[in-house]
Amino acid sequence: MIDPVEALKKHSSASIPMPTVIPGNAPIYQKATDTGHRTLWVVFVIMLLSSIAFYVMAFRVPVQKRLFHILTAFITTFATLSYYAMAVGDGVGQNKILIKHTQKHFPDTYDTIYREVYWARYVDWSLTTPLLLLDLAFLAGLNGASILVAVAADVIMILTGLFAAFTVDESPKWGWYAMACIAYLVVVYQVAINGRQTAKAKDNKTATFFAAIGGFTLILWTMYPIIWGIADGSRNIDVNAEIIAYAVLDILAKPVFGFWLLFTHDNFASSASIDGFWAHGLGKEGTLRVGDDDEGA
């Protein structure tokens, strides 16, 4: 007769074979739904109508005074194209993200996440944010060197953010993000420090207005990397919430900014007036003549 206690001891001491293949988890797809798509279409319409309004406002003033109108209209025009591309699905890609899970007694496992990345948004930002900076720089009267530094830092900020959005591994992603934040600090310095000091040298009305609209812009711009960190960065919010958050910021930073800038600046007695090439083209002495013989030939 078999002793059940002895049989249990023999069974427990026997080696249990380990599985040679660790099954992986199914891929996770993070995509926008109807809520996100509808939001993109709504913002597209807002940007389109704002662009039309800015162009109408531009044609109502002399060409010498259209600098801010043209820059602002270009901002919302590029945003219109970007949001149309995202709404129809042409401005979106997928980023494959690998999440490694290390376990003590078992082989490492990985989660694969495919998250939508709207690359058209970065194309938009790379064009519109320099134009926004030009609006602020011309309002304050910044010198060319400061403008160049601010625009270059801004482009670096956008490009490093794009690289971070499409990075597969987690560590390099946050490295790109840190570079973008450093570049943004350069932009903040040029606008908040140099810009404000330069604006103070002008009349009090311009200095006060620049402090208000410049501070408004920097507060909004500071929200963008925060949204990126909790959306594309850590994926704590879904794609729909990301779209809505960026949509609110874009509306405030572009159409609202534009109407505020143009309505207020047009009321200034000393609004910017540019003659020369901007208003009249190349003068007779600067034009190229084709087919004329040189004198004395």
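Q: How are helices and strands defined here?
A: Both are DSSP runs, numbered from the N terminus: helices are H or I with at least four residues, strands are E with at least two. Helix H2, for instance, spans residues 34–59 and holds Ile52. The protein chain has 9 helices and 3 strands. From the N terminus, their order is α-β-α-α-β-β-α-α-α-α-α-α.

Q: What should I know about the model and its numbering?
A: This is a predicted model, in which local features need pLDDT of at least 70 and side-chain atom pairs count only at pLDDT 80 or more, while totals for chains, interfaces and linings use all residues. Residues are numbered from 1 along each chain as its sequence is written, and side-chain values use heavy atoms, with hydrogens and water left out.

Q: What counts as buried, and what as exposed?
A: Buried means under 20% relative accessible area, exposed means over 50%, and partly exposed lies in between (1.4 Å probe, protein chains only). In this chain of 297 residues, 41% are buried. Ile52 is partly exposed, at 46%.

Q: Which residues form a nonpolar patch on the surface?
A: A patch takes residues with over 30% relative accessible area and no salt bridge; like charges are joined within 9 Å, and nonpolar side chains (Val, Leu, Ile, Met, Phe, Trp, Tyr) within 5 Å. Accessible areas come from the Shrake-Rupley method with a 1.4 Å probe, and for residues only the protein chains shown count as cover. Here the patch consists of Val45, Leu48, Leu49, Ile52 and Val56, with about 420 Å² of accessible area together.

Q: What is a salt bridge, and how many does the structure hold?
A: A salt bridge puts a side-chain nitrogen of Lys or Arg within 4 Å of a carboxyl oxygen of Asp or Glu. The structure holds 5. Glu242 and Arg115 meet at 2.9 Å, N to O. That pair links distant parts of the chain, helix H8 and strand E3 (residues 109–117), 127 residues apart. Glu242 also bridges to Arg121, with the closest N and O atoms 3.6 Å apart. Arg121 lies in helix H4, 121 residues from Glu242.

Q: Which residues are linked in a network of salt bridges?
A: Arg115, Arg121, Asp232 and Glu242 are. Glu242 is buried, at 1% relative accessibility. Arg115 also has 1%, and so does Arg121.

Q: Which residue forms a salt bridge with Lys254?
A: Asp124 does, with the closest N and O atoms 3.0 Å apart. Lys254 lies in helix H8 and Asp124 in helix H4, so the pair ties together parts 130 residues apart in sequence. Both residues are buried.

Q: How many cavities of 30 Å³ or more are there?
A: On a 1 Å grid over the protein atoms alone, a cavity is a set of points where a 1.4 Å probe fits but cannot get out; lining residues have an atom within 4 Å of a point. The structure holds 2 cavities of that size. The largest has about 330 Å³ of space. Its lining has 20 residues, with Trp125, Met157, Ile158, Tyr224 and Pro225 nearest the centre. The second largest has a volume of about 50 Å³. H4 gives the largest share of that second lining, 4 residues.

Q: What sign does phi usually have?
A: Most residues other than glycine have a negative phi. Arg235 has a positive phi of about 60°. Arg235 sits in the loop between H7 and H8, and is buried at 18% relative accessibility.

Technical notes:
On a 1 Å grid over the protein atoms alone, a cavity is a set of points where a 1.4 Å probe fits but cannot get out, and a pocket is an open set with protein on both sides within 12 Å along at least five of seven lines; lining residues have an atom within 4 Å of a point. Grid points are joined across faces, edges and corners, and a volume is the space filled by probe spheres set on the points.
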